[in-house]
Amino acid sequence: MSAQKKKAFQIEAFKHRVVVDPKYAEKTWKILEHAIHEIYNHNASGLSFEELYRNAYNMVLHKFGEKLYSGLVTTMTSHLKAISSSIEAAQGGLFLDELNRKWAEHNKAMQMIRDILMYMDRTFIPNTHKTPVHELGLNLWRDVVIHSSAVQTRLQAILLENVRRERSGEVIDRGLMRSISKMLMDLGPSVYQDDFEKHFLEVSADFYRLESQDFIESCDCGEYLKKAERRLNEEIERVSHYLDAKSEVKITNVVEKEMIENHMHRLVQMENSGLVNMIVDEKYEDLGRMYCLFRRVPNGLVLVRDVMTSYIRDTGKQLVTDPERLKDPVDFVQHLLDLKDKYDKIITSAFSNDKTFQNALNSSFEYFMNLNSRSPEFISLFVDDKLRKGLRGVTEEDVELVLDKVMMLFRYLQEKDVFEKYYKQHLAKRLLSGKTVSEDAERSLIVKLKTECGYQFTSKLEGMFTDMKTSQDTMQGFSARHGADIADGPMLSVQVLTTGSWPTQPITTCNLPAEIRGMCEKFRNYYLGTHTGRRLSWQTNMGTADLKATFGKGQKHELNVSTYQMCVLMLFNNADRLSYKEIEQPTEIPASDLKRCLQSLACVKGKNVLRKEPMSKDIADTDTFLFNDKFTSKFFKVKIGTVAAQRESEPENQETRQRVEEDRKPQIEAAIVRIMKARRVLDHNNIVAEVTKQLQSRFLPNPVVIKKRIESLIEREFLERDKGDRKLYRYLA
Amino acid sequence: MHKLGRGHRDKVQQFMTITGASEKIALQALKASDWHLEGAFDFFYSQPHKSYTDTTHLEELYNRYKDPYTDMILADGITLLCNDLKVDPQDIVMLVVSWHMKASTMCEYSKEEFFTGLQALGIDSLEKFLERISFMRSELKDEQKFREIYNFAFGWAKEKGQKSLALDTAIGMWQLLFAEKQWPFVDHWCQFLEARHNKAISRDTWSQLLEFARTVDPALSNYDAEGAWPYLIDEFVEYLNENGIIQNGQF
């Protein structure tokens, strides 16, 4: 064996260098370049996809991707330059057409090219962070064709011109426009915006600015709004047909601003056709249109609402301060109801029941209704009229409708306690004269008032109904017991009223005729026999009587008169002629009441069962009265009594108001005491605020009155001023 | 005295000797100062009114003025007192005297009221009384005391058993009091009341008027309408504005 060292057996790497023929890359590229040319020249059919793909693949594999890519760019660019020129060469209307066609072709070409170069797209391009083929194609198109100066400006101009033409009524090729729009959108996020939309919006703004100026000079409000609406709809339609959906809100904003916002005030205030005129003429369609359009602009509805509110307030104020209107309370209230109906209708049909408008309406009504201090009285008179005769023959549902509407007006009243006073008076008269159309309607209204104001408000009213019912039962008992003895005498019907529930009446003197007196005594004894510990006093100023009278030629009439009048007339059973004094003495009726009742008996045509000497209008102490033998009337039953509820005279109104003020004082004091008992210590302003809050469902207390009540409570040692802070009050237990 | 311990008793003796005060006062002072003599002296001398008065002298004085038939000083007695003091019976200092006496009603002093008042002032003779006149006048200059005297005047001037003060009496009192205090509106106020109000004055209105006079300046520039002033004062301000007495904050 030899001692030779053995070398480790090494396996060498296979260094097979495939030296590509430098010309190979060039050759392959040329093939591909040729293919691209063919594709752009519409000769793609002759090409083999497989071969081209393989060539591209090999180029990339053999590290010639760069060459391939840059070659692609160069080739495409030169093609696109040519395309650009041909587009520029197109005349007039054909420009757009040509552009569109070339774009479609380019897209097709791009697809094929990308397919061929798919391998590069997937490997070389991501690795080198170059733009992928498809995107490259778009970018090149954009940069070379669209942004070539000639094409860019012309494209913009033609697009805008088309829009303008369409706006003036011409028909344009919408499909073409859509394709171009889509092209711009495809070319990149801001191409559509910068190349088209921006300018579109500017030009549109100018367009509409001019157009609106023109319209506003030549059209009235209604027409203008119609035109504006039409333009708005047009733009929306335009966008849906051939623009980017995102443009819709932008272009509508432009129209809204130029056509509506800039002319808002002028439109609303337009003479003879503005908002107020629309309301007066009940132009629901126009109002609805105004609402929809103005809703689109900031503060549009605020403006409409404000103008409407001040109009309602002004007309309302006029209505409640117009002396002519105030002469007939029932008519006045009907007017208010009609007004409310009108506005309600406008708000429901034209203003889509917008709550803010409802609220504005409510506050306006509240404002002007309370400007007239007699509103509560008038509403009660209206209700009185309805319940006396207005609702005769009306269905139950309709009755409810009317009452609900009245309740709506009632809610607006700030002085609900005044209403309560009048309502009580009028209800008393209705009940006692038996002149109510429907007891159900009366009760229904009481229920509504109770729901609105609570039990306290209606407890006395309900007491009045109870008394009427109880009196009926009492009368039945009375007839049953005394049936026999009273059969011959005058027929007596008594209502026994519980003092607290009925409106307070001053007790007046009146001597009833002997025939009546006997009956009354019998009743009194009967009643007191069954109800011990009670006191009865005859309310001679509230009763009525039916008298059978025979006149000169034997005409018989039935006279319906007040109790006072009955006493006066009965005197004439024993004398044909009596002086004023001779009437006053035996009856002892107070002078002012007596004069009033004599006036109804002697001075009113058609009802003059008495004659007066002298024939003057007013009653004097020196007058003489004679039984009017010659009295005639078409009717058998003649109504002379003055018992119906009437609008109060000024002095009566003053008196009622004074009573209301007096009633309010204890209520205010009770509220103050309640509050201070709970809070113990409170400052002046807060007391006033709390008292107002507590009482506002009945009336709005006057801060000066509240202050006076506080001082009265201090004097009576319910409260004291804090020693340190004079504005603070303490409750004294 | 025999309830006290020896040490305390001694201190009481010492105190009485040095100050000349009564045992009762000595005890009061020492108790108030926790049985430290120095403190007790401070206490004692800081209440100059509580000086020693001789009750027998007071009896004599009282008897001089007291009504022959009743155990009270009535109108005649008061007139005599005023003469002796050389002051007009309408002089406001008599109000101060009444205040010290805590007199319940004007034109009469009960024996207790007389004694209380004069002891509080340290008076047991006519001479001392005369001396104290100027002191009493000076009390009116003190803001706090004036307020007490003013508020006292209401109860004192009104009729017994009435809650409010009759208007003319009130006006008289106001003229008197505000002559001291110098309120520029006093005449307008009285005119206003006679023209517009014509009813008795409540206690609250009376006391609040002083606050009004003290705090609101003559141009009414700091009059706060929300200031919870009695309504009569609010009406007075309106009256001043209506009649041009106050115009644009000028008076």
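A:Arg174 is partly exposed, with a relative accessible area of 23%. Partly exposed here is the range between buried, under 20% relative accessible area, and exposed, over 50%, with a 1.4 Å probe on protein chains only. The side chain of A:Arg174 meets that of A:Glu166 in a salt bridge, 2.7 Å from N to O. The term salt bridge asks for a side-chain nitrogen of Lys or Arg within 4 Å of a carboxyl oxygen of Asp or Glu. A:Glu166 is buried, at 10% relative accessible area.

A word on the ground rules. This is a predicted model, where local features need pLDDT of at least 70 and side-chain atom pairs count only at pLDDT 80 or more, while totals for chains, interfaces and linings use all residues. Residues are numbered from 1 along each chain as its sequence is written, chains are lettered from A and ligands numbered from 1 in the order in which they are written, and side-chain values use heavy atoms, leaving out hydrogens and water.

Back to the charges. How many salt bridges does a search of the whole structure find over all chains? The count is 74. Take A:Glu26 and A:Lys67, with their closest N and O atoms 2.8 Å apart. A:Glu26 sits in helix α1 (residues 22-40) of chain A and A:Lys67 in helix α3 (residues 65-89), so this pair ties together parts 41 residues apart in sequence. Helices are DSSP runs of H or I, at least four residues, numbered from the N terminus. A:Glu26 is partly exposed at 34%. A:Lys67 is also partly exposed, at 29%.

Chain B has its own example. The side chains of B:Glu143 and B:Arg214 form a salt bridge, 2.8 Å from N to O. That pair links distant parts of the chain: B:Glu143 is in helix α9 (residues 143-157), B:Arg214 in helix α12, and they are 71 residues apart. Both ends are partly exposed: B:Glu143 at 44%, B:Arg214 at 31%.

Helix α12 brings us to the interface. There, 16 residues of chain B are in contact, meaning heavy atoms within 4.5 Å, with 13 residues of chain A. The area buried between the two chains is about 1300 Å², and carbon and sulfur atoms give 44% of that. Buried area is the accessible area, with a 1.4 Å probe, that two parts lose on being put together, summed over both. Three salt bridges cross this interface. B:Asp224 and A:Lys727 meet in a salt bridge at 3.7 Å, N to O. On the chain B side, α12 (203-215) and α13 (231-242) each supply at least two of the residues that touch chain A. The largest share, four residues, comes from α12(B).

Now the interior. The largest nonpolar core has 82 residues, and those with the most contacts inside it are A:Phe294, A:Phe351, A:Phe365 and A:Tyr423. A nonpolar core is a set of buried Ala, Val, Leu, Ile, Met, Phe, Trp, Tyr and Cys residues joined through side-chain atoms within 4.5 Å. Which helix gives the most to this core? Helix α15 (residues 300-321) of chain A, with nine residues. A:Phe351 touches several residues, including A:Leu287, A:Tyr291 and A:Met308, not counting residues up to four places away in sequence. A second, separate core has 70 residues, among them B:Val96 and B:Leu121.

Last stop, B:His197. This histidine lies in helix α11 (residues 186-197) of chain B. B:His197 counts as buried, at 12% relative accessibility.
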